[in-house]
Amino acid sequence: MKKSLLFLFLAALSFNIFAQSFSIKSVLSYPFPTQLVSSQIGSKIAWAANEQGKRNIYTAEAPSYKAVKITNYNEDDGQELTSLSISADGKWIVFVRGGDHGGRDGGPVNAASSAIAPKVEVFTIPFAGGKVNLIAEGDYPLISPKSNQLLFAKGGQIFLSPIDGSSSAKNIITIKGTNSAYKWSPDGEKVAFVSNRTDHSFIGIYQEQKTPIKWILPSFSKDNAPVWSPDGNSIAFIRIQGTGGETDSILKAKHQAWGIWTVDLKTEKGKQIWKAPETLRGSFPSIEGGANLMWANDKIVFASYEDGWPHLYAMKTDGSNKILLTPGNFTVENIKLSNDKKTLVFASNTGKDVHDLDRRHIFSVSVDKANMKPLSSGLGIEAYPVFSADGNQVFCLSATAQRPLLPAVLENGKKPQLIGKDLIPNDFPIGELVTPKHVNFKAADGNTVYGQLFSPKKTAKNQPAVVYVHGGPQRQMYLGWSPMDYYSIDYALNQYLVSMGFTVLSVNYRLGLGYGYDFHKPRNAGAQGASEYQDVKAAGEWLANLPHIDPKKIGIYGGSYGGYLTALALGKDSKLFAAGVDIHGVNNRFSSAATEGKLPAPDAELAAKVATESSPVTYIKTWTSPTLIIHADDDRNVAFNQSIDLAKRFEDLKIAFEFLAIPDDTHHWMKFSNGVKVSDATADFLKRKLMDKK
């Protein structure tokens with residue numbers, strides 16, 4: 001009798017320690033901001049906010065910077081807002097509604113399962129608010145420097161419309177290829193664009209419909225990213241080798257050659273002004289914005305990974321006097337050029353605190369000297385900066401470990417001045433959230449692994465733990481809210497799991513950003529050996545060795561590439577990972593590298609063997625841990641069939657599993673209610689398998 005009373009007392013005490021004070025819905029109820037843009041006149045900004053699935057546009061301007069909602073979309077219907085921009089005269093906002101622009105196919109999304117499917121459409125609205133003008137079905141609008149017209153794309157062709165929608169849009173470019181990456185000339189009279197023709201691409205100049213397209217130095221290469229000189233007389237662009245050549249090794253790392261060219265449009269003469277080093281690090285940079293090519297007054301600015309970190313470089317327009325603008329061991333991203341083309345602003349993971357390695361702060365640098373200056377610092381996360389019209393202020397998105405992202409003003413090194421604080425719901429549990437701690441440890445091969453450890457405010461013995469594996473894989477999780485919407489959901493879920501009593505380790509494994517080229521581009525990764533899985537396994541083992549963690553109650557979850565690594569963990573190491581949630585993961589890496597009309601790769605047989613060994617389904621017979629599979633069937637990033645195939649293999653072997661299939665949504669939970677459903681199902685599964693007594 002006494003033992004029973006003691007058990008009940010201890011159970012009640014444990015419940016008291018880990019009693020949850022907020023719901024998964026409340027911690028996901030933040031107003032996530034995206035598409036922050038500024039005007040070229042005055043101190044005006046605009047952004048899109050996702051408030052529990054209701055996506056709208058907000059504006060703010062000096063001096064009060066009060067957030068003003070100017071659209072009125074009131075349904076959780078999965079229709080995202082993208083391509084936000086403000087006209088040069090500050091009078092108009094242009095945006096796109098619909099699609100999934102984080103997917104390989106950005107086409108229409110019907111996550112709400114409407115009987116009549118939505119479209120991807122271009123709209124305009126006055127900055128001050130008012131009538132929303134439907135311009136046309138299309139995507140990627142670009143406003144003219146004269147503020148009176150806009151370009152947009154539809155079906156790989158280019159259209160032109162008055163900005164106020166006063167007349168119908170007309171198709172101005174209908175030629176071979178998929179035509180995109182269009183840029184207005186500074187005077188608004190011409191348009192440079194890229195015509196992608198699969199194995200090669202050309203850059204063209206459009207002037208008006210009666211004049212033939214002028215092709216710029218056409219070759220057998222892939223030309224892209226055209227930028228105009230400030231006077232409109234020249235263009236700079238990136239040239240990469242065309243597709244073709246001898247069949248090469250699949251497993252061997254290869255340099256991707258690229259260079260920067262300029263052309264004088266009056267003489268039509270051009271030349272290569274810079275060629276990337278012929279090294280792996282010198283390959284075309286696989287970072288946000290690629291080479292981030294810009295023409296800044298008398299300088300050409302670009303990004304390169306050539307010294308082992310993604311940095312900014314500048315050189316004269318003839319390619320001479322190249323200088324490194326941002327020296328140091330850190331990442332540079334979210335790069336913007338000021339209106340006067342003299343200063344760059346960007347986000348980076350460096351600062352006074354050693355753990356800024358797992359944060360983002362805002363910096364500026366001149367285009368002609370390495371005088372990098374911090375504009376923000378501290379324990380927060382700042383990203384996606386934009387200049388004010390006069391360049392005296394910088395706006396960004398700002399977060400902390402507890403507070404989700406909000407727009408903010410950075411001024412004279414002061415603390416970010418938040419915009420729209422009242423948009424955060426009253427029941428959002430800021431005071432209940434924990435601050436993750438930076439940790440690092442070694443994988444079996446000696447690779448340093450980085451992570452953030454989320455610990456409950458009250459600890460107890462024999463706690464269950466969870467390893468969280470991000471997707472991408474070219475991502476980095478931070479010591480605070482992620483500036484990317486998909487990962488902000490996971491950050492919220494990690495906080496919710498901690499409130500349940502889990503210790504959570506978010507692991508930044510090799511292949512991710514923020515730790516240099518060798519970490520970002522490791523050998524034998526993915527389908528070529530899954531070397532990055534060692535980091536995930538090391539995370540589980542590191543947790544198991546913590547004195548307060550029950551090594552028999554370690555779970556794992558992740559989405560996309562994180563789902564792939566979760567599946568590998570459950571298949572290869574069920575003894576370490578007691579349960580897991582595979583969210584739209586790639587479970588089968590088998591593929592054929594054969595190309596019609598070409599000899600097979602010299603290592604094709606070995607590559608197929610390695611791909612098999614890198615596939616989770618290969619380990620299905622040792623996959624004994626309870627598993628929940630989650631997938632939406634309009635996924636444009638990972639085929640729904642990946643989960644169908646895994647489920648069929650489980651069924652054939654009579655292996656029990658749980659599942660959650662979501663009709664019509666995509667990889668990115670376009671409906672808020674689906675994001676809540678997935679997070680709730682994940683948390684419930686891990687609780688039942690790792691916490692609840694049988």
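These are my notebook entries on strands, helices and salt bridges in a predicted model.

**Ground rules.** I number residues from 1 along each chain as its sequence is written, and side-chain values use heavy atoms, with hydrogens and water left out. Because the model is predicted, local features need pLDDT of at least 70 and side-chain atom pairs count only at pLDDT 80 or more, while totals for chains, interfaces and linings use all residues.

**Entry 1, the eight-stranded sheet.** I looked up the strand order (strands are DSSP runs of E, at least two residues, and helices are runs of H or I, at least four, numbered from the N terminus) and found an open, mixed sheet that reads β33-β34-β36-β35-β37-β38-β39-β40. β33 (437-442) and β40 (658-662) stand at the edges with a single partner strand each, so one side of each has no neighbour in the sheet. From one strand to the next the twist averages 20°. Pairing requires that DSSP finds at least two bridges between two strands; β35 (residues 463-469) and β36 (residues 503-508) run parallel and are joined by five, with S506 in β36 as the bridge partner of Y468.

**Entry 2, a helix on this sheet.** I then checked helix α5 (residues 533-544), which lies across β33, β34, β35, β36 and β37 and runs at about 150° to β37. Contact here means heavy atoms within 4.5 Å, and the angle, on a scale from 0 to 180 degrees, is taken between N-to-C directions of axes fitted to C-alpha atoms, for helices over the stretch in contact.

**Entry 3, strand β27.** Is β27 (residues 361-366) buried or exposed? Six of its six residues are buried, where buried means under 20% relative accessible area, exposed over 50% and partly exposed in between, with a 1.4 Å probe and protein chains only. H361, F363 and V365 cover one side, and I362, S364 and S366 the other. β26 (residues 343-348) pairs with β27 in the antiparallel sense over six bridges, and β27 also forms a hairpin with β28, with six residues between them.

**Entry 4, salt bridges.** Searching the whole structure gave 20 salt bridges, each a side-chain nitrogen of Lys or Arg within 4 Å of a carboxyl oxygen of Asp or Glu. R97 and D77 meet at 2.8 Å, N to O; R97 lies in β6 and D77 in the loop between β4 and β5, so the pair ties together parts that are 20 residues apart in sequence. Both R97 and D77 are buried. E658 pairs with K689 at 3.8 Å between the closest N and O atoms; E658 lies in β40 and K689 in helix α9 (residues 672-690), so this pair ties together parts that are 31 residues apart in sequence. Salt bridges that share partners join E658, D684, R688 and K689 into one network.
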